[in-house]
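Open the structure in your viewer and keep the sequence panel beside it. The stops below are meant to be taken in order.

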Amino acid sequence: MILEIGVAVGLVALVGLISDRFRFSVIPFFILIGMALGQHAPQIGSIDLTFTESKPFIDFMGRLGVLFLLFYLGLEFSVGRLVKSGKSILTGGVFYVILNFCSGLLMGWLMNLPFKETMVLCGIMTSSSTAIVAKVLTDLKRTANPETEVILGMIMFDDLFIAMHISFLSGLILTGSSSFWTVAGTSLLALAFILAFLILGRKLVPAIDKVLQDKSSELFILVIFALLFIVAGFSETIHVAEAIGALMAGLVLADSQYIKRIEQLVLPFKDFFGAMFFFSFGLSIDPMSLGGAVLWASVAALITVVCNIGSGYVASYFSGLKKRNSVDIGFTLAARGEFSIIMANIGKAGKLMPIIQSFVVVYVLILSIVAPLLTKESRNIWNAVFGKDKTEKKPVKTLNDLENS
């Protein structure tokens, strides 16, 4: 099994190097290598590329990947930045969520899906990929651009909504009950857990900081991991998704005076187990089963891009940006990745229709590849469609004009 794990990590590293060479997002590469192996892969000598023996362990590493992804997101979440973003949060963020959520309702109606599957689909189509967005902004050197603050504000609002939607799906799907009152009770319990943890947890931060004070790296990371796994595990026992527990743990520790050290120690674990999360997701997908979802996922991807441009236009208008910034915002936020897959896994855990898994694979692959390319060419696309912005030429002042003034 150790050899299989080594081969799996080696292949993930190899496709990561290839994606880095071509400056693409690594997420679709991790999923594709998992799909290429898995069920239909050959056995070369003593190496089983189906990873039959090691698959439960790889799946567990993927599960840890979800916890670290959400935990790290919580560490970077800042209520102060939410307040500072102001208009982009209340206008572009709300409009973004409404448009994309309604597009999920539309796709659910077109695909004739039941209510539970439709709610999962709404979450899949509403959740932008924070990892891809951050990488694209960094690679294109747009972090200092005026629209970037709007993008970050909108994606933080989206992450906040997704946290609430996951808690709703936990009550709707993971309890296995069809009773309205049971679902409503579980959803309210999840909401109460989130609010209580935010209120009470922040009061414990000084005590946590005292425990972490002057500790070695070994003891420091043990304390942090203990908090992460206990909170995530406890949330699962009350039918709140463990991902929400991990997010709450990150939100609480975001107020710690040791936040920078926590981020530095957790980042390698987030990157490693996050990569194994996408790889394990790819392993669980049979490529032969994707045919029926290609058309629907392609239509959904097109709708997502259009809706995101619309929300980008609203956000740029109320933020005082130029109209051409709307495509910068829309194309950047169109990327889908980790959170869409988390939503699909909730559906899988609730034994919903298999079409959800097939749909999310094609949908994520399309947008995780196309969105960064569209973002890179956003200015050229705007100029090709609407023409270059006209700039008024200022008259050149002569020496006499300057003397007279």
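The tour goes from a pair of helices to a surface patch, then to the salt bridges and a last single residue. Keep in mind throughout that this is a predicted model.

**Stop 1: two helices that cross**

Select residues 2-21, which form helix H1, and then residues 26-36, which form helix H2. Two packed helices are described by the angle between their axes and the distance between the axes. For H1 and H2, the axes come within 9 Å and cross at roughly 140 degrees. The crossing of this pair is right-handed.

Which residues of H1 and H2 meet? On the H1 side, show Leu-11, Val-12, Val-15, Gly-16, Ile-18 and Ser-19. Their counterparts in H2 are Val-26, Phe-29, Phe-30 and Ile-33.

Stay on Ile-18 for a moment, since this H1 residue is also part of the next stop. Its relative accessible area is 36%, so Ile-18 counts as partly exposed.

**Stop 2: a nonpolar patch**

Switch on the surface and colour Leu-14, Ile-18, Phe-22, Phe-24, Ile-369, Val-370 and Leu-373. Together they make a nonpolar surface patch of about 580 Å². Now add helix H17, residues 355-376, to the selection: H1 and H17 each supply at least two residues of this patch. Which helix gives the most? That is H17, with three residues.

**Stop 3: salt bridges**

Hide the surface and show side chains. How many salt bridges does a search of the whole structure find? The search finds five, and three of the pairs are visited here, among them Glu-242 with Arg-63.

Select Glu-242 and Arg-63. In this salt bridge the closest N and O atoms are 2.9 Å apart. Glu-242 belongs to helix H12 (residues 242-253) and Arg-63 to helix H3 (residues 55-76), so the bridge ties together parts that are 179 residues apart in sequence. The two partners can be compared by how much of each is accessible. Glu-242 is buried, with a relative accessible area of 17%, while Arg-63 is partly exposed at 37%.

Next, select Lys-270 and Asp-271. Their side chains meet in a salt bridge, with 3.3 Å from N to O. Is Lys-270 buried or exposed? Its relative accessibility is 17%, and since buried means under 20%, Lys-270 counts as buried. Asp-271, at 43%, counts as partly exposed.

Then move to Asp-328 and Arg-379, whose side chains form a salt bridge of 3.0 Å, N to O. Asp-328 lies in helix H15 (residues 325-333) and Arg-379 in helix H18 (residues 378-386), so this pair links parts that are 51 residues apart in sequence. Asp-328 has 0% relative accessibility and counts as buried. Arg-379 is partly exposed at 29%. Add Glu-147 to the selection: salt bridges that share partners join Glu-147, Asp-328 and Arg-379 into one network.

**Stop 4: a proline on a helix**

Finally, select residues 205-212, helix H10, and pick out Pro-206 within it. Is Pro-206 buried or exposed? With a relative accessible area of 55%, Pro-206 is exposed, as the cut-off for that label is over 50%.

Now add Gln-257 and draw a distance between the two C-alpha atoms. Pro-206 and Gln-257 are 51 residues apart along the chain, and their C-alpha atoms are separated by 8.7 Å.

Definitions and conventions. Residues are numbered from 1 along each chain as its sequence is written. This is a predicted model: local features need pLDDT of at least 70, side-chain atom pairs count only at pLDDT 80 or more; totals for chains, interfaces and linings use all residues. Side-chain values use heavy atoms; hydrogens and water are left out. Helices (H or I, at least four residues) and strands (E, at least two) are DSSP runs, numbered from the N terminus. Buried means under 20% relative accessible area, exposed over 50%, partly exposed in between (1.4 Å probe, protein chains only). Patches are made of residues with over 30% relative accessible area and no salt bridge: like charges are joined within 9 Å, nonpolar side chains (Val, Leu, Ile, Met, Phe, Trp, Tyr) within 5 Å. Accessible areas come from the Shrake-Rupley method with a 1.4 Å probe; for residues, only the protein chains shown count as cover. A salt bridge is a side-chain nitrogen of Lys or Arg within 4 Å of a carboxyl oxygen of Asp or Glu. Axes are lines fitted to C-alpha atoms, for helices over the stretch in contact, and angles run from 0 to 180 degrees between N-to-C directions. A crossing is left-handed if the near helix is turned anticlockwise from the far one by less than a right angle, and right-handed if clockwise. Contact means heavy atoms within 4.5 Å.
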